[in-house]
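Welcome, and please load the model in your viewer. Keep the selection tool handy, since each stop begins with something to pick.

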Amino acid sequence: MRILSGIKPTGNLTLGNYIGALKHFKDFQDSGEVYIFIADLHALTLPIDPEFLRDNTRDVASFYLASGLDPKKTTIFLQSSVSEHAELNAILQNYLYMGELSRMTQFKDKSAKLKQSAIGLGLFAYPVLMASDIVLYDADVVPVGEDQIQHVELTRDLVKRFNARYGEVLVEPKYQMNKVGARIMSLTDPSVKMSKSDPKGDIFLKDDLATIRKKIMSAKTDSGSEVKFDKENKPGISNLLTIYASIKGMSIEEAEKQFTAARYGEFKKAVADAVIEEIGPFQERYKQIRESGEYLAVLREGAQKAKQIAHQTLKRVQNAVGLLNIDEL
Ligand code: AQP
């Protein structure tokens with residue numbers, strides 16, 4: 001089984017990225033061949049300062065290693081250092097349609113915040129590049145948070161369309177989402193997703209521990225006093241229960257049971273303790289990796305390994321669509 005996922009270096013990583021994606025990547029290391037990349041080309045789809053992008057890229061690489069990804073087991077690489085992503089994108093963009101792309105929630109949300117004249121083609125065509133990322137490695141499974149499911153579904157549509165025309169050339173991927181924590185919400189407005197490029201009520205993985213505690217203790221809660229999971233009537237408490245349950249690796253029901261007699265303040269303190277207990281040691285590992293620069297060698301080696309697979313797939317696709325390979329004639 002081949003597993004592939006990635007994170008865009010668009011901002012400071014949040015607890016949402018950690019719970020929905022990062023924390024779980026290492027769990028796949030013993031069940032298949034894992035490819036985890038930094039989606040830096042995707043980060044260009046919204047305006048971003050070059051220095052900020054470079055800094056975030058170094059951070060994401062360090063976070064990957066700090067999360068327990070082992071470069072001996074997992075291929076960790078930078079999207080832009082494997083040129084096949086862009087080359088495959090140039091071909092596959094012909095197999096997804098404007099109507100499909102314009103229906104993507106992420107495109108609608110992100111473009112709504114921009115002036116019509118400032119919406120880049122890359123933002124619109126984002127799912128084509130994401131599909132290229134996935135099929136380039138013949139990935140069977142793509143672990144993602146809830147917001148990325150639509151893009152994986154579109155990749156499946158593309159693969160079916162492509163294979164129906166050219167034979168079994170591409171592998172159809174499936175997404176895998178966590179049962180708990182697939183969508184962590186803002187602490188100040190639990191009706192919106194915790195997101196790194198539009199930070200509202202975010203916990204950042206680089207926040208110091210006192211700040212994390214403060215943010216959780218002042219998280220928006222709901223009327224009433226019962227700690228109960230009820231997304232509609234208690235979105236704030238439900239979000240904190242989700243954070244607690246996913247950090248502790250338990251179900252929502254189990255988490256709820258622990259707090260049947262607790263008041264909001266006591267519950268929030270337990271959530272803060274749990275997050276700090278997990279993120280504290282993680283931050284220590286991150287700092288050491290980031291300062292030593294050891295992630296650079298990992299990215300170099302990862303790019304070489306990734307390229308070997310990517311190159312084969314690209315050739316297969318080029319051949320299928322009728323591009324002449326002059327080296328083999
Ligand atoms: N709030 C969240 N809860 C659970 N999972 C989340 N993810 C993101 N936010 C949450 C998951 O993290 C992975 C990496 O995301 P990405 O960098 O590819 O971009 P995204 O999905 O668009 O996440 P962000 O943080 O909202 O980034 P920006 O602001 O740049 O768009 C994905 O698996 C995602 O589902």
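The tour goes from a strand to two helices and ends at the ligand.

This is a predicted model, in which local features need pLDDT of at least 70 and side-chain atom pairs count only at pLDDT 80 or more, while totals for chains, interfaces and linings use all residues. Residues are numbered from 1 along each chain as its sequence is written, and side-chain values use heavy atoms, with hydrogens and water left out.

**Stop one: a covered strand**

Select residues 74-78, which form strand β3; strands (E, at least two residues) and helices (H or I, at least four) are DSSP runs, numbered from the N terminus. In β3, 5 of 5 residues are buried, meaning under 20% relative accessible area with a 1.4 Å probe, protein chains only. T74, I76 and L78 point one way from the strand, and T75 and F77 the other way.

Now add β2, residues 33-38: it runs parallel to β3, joined by 5 bridges (strands pair if DSSP finds at least two bridges between them). One pair to click is F37 with its bridge partner F77. Between these strands the chain passes through helix α2, residues 50-66, in a right-handed β-α-β crossover. Right-handed here means that, with the strands pointing away from you, the path from the first strand over the helix to the second runs clockwise.

**Stop two: a buried lysine**

Next, pick K23 in helix α1, residues 15-25. Is K23 buried or exposed? K23 is buried, at a relative accessible area of 13%. Its side chain makes a polar contact of 3.2 Å with that of E278 (a pair of N or O atoms within 3.5 Å; within protein, one must be able to donate a hydrogen and the other to accept it, and residues adjacent in sequence count only if both atoms are side-chain atoms). Leaving aside residues up to four places away in sequence, K23 touches Y18, S246, I247 and E278, with contact meaning heavy atoms within 4.5 Å.

**Stop three: one face of a helix**

Move on to α5, residues 105-112, and colour Q106, F107, K110 and S111, which are buried. Looking down the axis of α5, you will find these buried residues within an arc of 115°, so they line one face of the helix. The arc is taken from the directions from the helix axis to the C-beta atoms. Their cover includes α4 (98-102), α6 (121-124), α7 (126-135) and α8 (149-166).

**Last stop: the ligand**

Finally, select the ligand and the 23 residues around it, each with a heavy atom within 4 Å. T10, K110, D147, K196 and S197 come nearest. Zoom in on T10, where a polar side-chain atom lies 2.5 Å from a ligand oxygen atom. At S195, a side-chain N or O atom is 2.8 Å from an oxygen atom of the ligand. For G16, look at the backbone: a polar atom there is 3.3 Å from a ligand nitrogen atom.

Notes. Buried < 20%, exposed > 50% of the residue type's maximum accessible area, 1.4 Å probe, protein only.
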